[in-house]
Amino acid sequence: MLKKSSVWLVVLISIMSIAFIATGCAKKQVVKEEATAKPVVEAKKEEPKPAPAPRVEAAPPAPAPRVEAAPPAPAPPAPAPRVEAAPPAPAPEPVDLVSLRIQFAFDDYSLSTKAKENLEKLAAWMSKNPKEKMQIEGHTCDIGTNEYNLALGERRANSAKKYLEALGVGSAKISTISYGEERPLVPNKEEAERSKNRRDDFVKTR
């Protein structure tokens with residue numbers, strides 16, 4: 001009895017296996033036919049469009065580098081002021097010193113009226129020519145000793161100097177010297193000649 005049951009069980013399993021196989025084949029065939037029937041276009045999905053490239057904003061042009069204006073060239077130094085050469089000192093007015101010679105009496109050193117007039121003319125000339133300097137030379141005739149005549153000639157020169165100073169001539173512009181009888185103007189032969197030798201002469205100095 002058990003053996004018979006086993007047989008039936010085997011048969012039943014076999015039937016079920018066959019049925020299952022048959023059902024699977026039929027289903028597979030249906031799926032295959034459906035796949036064949038569908039157009040290829042349907043199976044192909046629409047490819048997504050490529051995303052547009054991000055818009056790149058053009059960078060604004062870089063500003064041109066600022067060129068600093070070169071500082072203005074320094075002005076050339078002003079030329080040194082032209083120093084005009086000092087005009088040459090005007091030449092002194094001519095003066096006839098021989099005509100201004102003064103005479104003295106014998107053994108005397110006082111000034112006569114004529115002598116004072118000549119000294120006043122000389123003082124006026126010196127005031128117009130302040131750069132000029134004057135030397136007064138005292139002279140005598142040959143009467144008397146040489147020492148005495150040197151002292152007399154000095155007194156005569158100093159008399160003229162003091163008078164010029166009184167007229168406003170600076171003492172620094174006047175010098176004196178005595179020659180006594182050493183430099184006669186004319187030979188001492190007679191009184192007329194000797195009187196000419198009793199004198200003061202004027203000489204310009206620097």
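Phe-202 lies in strand β4 of the predicted model. With a relative accessible area of 6%, Phe-202 is buried. Beyond the neighbours within four places in sequence, the contacts of Phe-202 are Leu-97, Leu-100, Arg-101, Ile-102, Leu-119, Leu-122, Met-134, Gln-135 and Ile-136. One of these residues, Leu-100, is 102 residues away from Phe-202 along the chain, yet the two C-alpha atoms are separated by 7.7 Å. Across the chain, 73% of the contacts with a separation of 6 or more are between residues 24 or more positions apart.

The chain contains five helices and four strands. From the N terminus, these elements follow the order α-α-β-α-β-α-β-α-β. Of the 206 residues in the chain, 21% are buried. The exposed area of the chain is about 16,200 Å², and 63% of this area is supplied by carbon and sulfur atoms.

The four strands form an open sheet in the order β1-β4-β2-β3, and the pairing is mixed. The edge strands, each pairing on one side only, are β1 (102–103) and β3 (174–180). Strands of a sheet pair through backbone hydrogen bonds, in either a parallel or an antiparallel sense. Strand β1 runs antiparallel to β4 (residues 199–205), to which two bridges join it. Ile-102 has Asp-200 as its bridge partner in β4.

Strands β2 and β4 are also antiparallel and pair over six bridges. In this pairing, the partner of Gln-135 in β4 is Val-203, and the partner of Glu-137 in β4 is Asp-201. On the pairing of β2 with β3, six bridges join the two strands, which run parallel. Gln-135 has a bridge partner in β3 as well, namely Ser-175. Strand β2 is mostly covered, with six of its seven residues buried.

Two helices were examined for their placement on the sheet. Helix α3 (residues 113–128) lies across β1, β2 (133–139) and β4, and runs at about 160 degrees to β2. Helix α4 (residues 146–166) lies across β1, β2, β3 and β4, and runs at about 155 degrees to β3.

Asn-149 is found in helix α4. At a relative accessible area of 1%, Asn-149 is buried, because that value is under the 20% cut-off. Apart from neighbours within four places in sequence, Asn-149 is in contact with Thr-140, Cys-141, Asp-142, Ile-143, Gly-144, Ser-178, Gly-180 and Glu-181. Among these partners, Ser-178 and Gly-180 belong to the residue range of strand β3.

Glu-181 is also a reference point for Thr-145, a residue in the loop between β2 and α4. The C-alpha atoms of Thr-145 and Glu-181 are 9.0 Å apart in space, while the two residues are 36 residues apart in sequence. Thr-145 has a relative accessibility of 47% and counts as partly exposed.

A second loop, between β1 and α3, contains Asp-107. Most residues other than glycine have a negative phi. Asp-107 is not a glycine, but has a positive phi of about 50 degrees. Asp-107 is partly exposed, with a relative accessible area of 40%.

Interactions of aromatic rings were also considered. Zero aromatic pairs are found in a search of the whole structure. Charged groups do sit over rings: the charged end of Arg-155 is placed over the ring of Tyr-148, at 5.9 Å from the ring centre. The charged end of Arg-183 likewise sits over the ring of Tyr-179, at 3.9 Å from the ring centre.

Technical notes:
Residues are numbered from 1 along each chain as its sequence is written. This is a predicted model: local features need pLDDT of at least 70, side-chain atom pairs count only at pLDDT 80 or more; totals for chains, interfaces and linings use all residues. Side-chain values use heavy atoms; hydrogens and water are left out. Two strands pair if DSSP finds at least two bridges between them. Contact means heavy atoms within 4.5 Å. Axes are lines fitted to C-alpha atoms, for helices over the stretch in contact, and angles run from 0 to 180 degrees between N-to-C directions. Buried means under 20% relative accessible area, exposed over 50%, partly exposed in between (1.4 Å probe, protein chains only). Accessible areas come from the Shrake-Rupley method with a 1.4 Å probe; for residues, only the protein chains shown count as cover. Rings of Phe, Tyr and Trp (its six-membered ring) pair if their centres lie within 6.5 Å; planes under 30 degrees apart count as stacked, over 60 as edge-to-face and the rest as tilted. A charge sits over a ring if NZ of Lys or CZ of Arg is within 6 Å of the ring centre and within 35 degrees of the ring normal.
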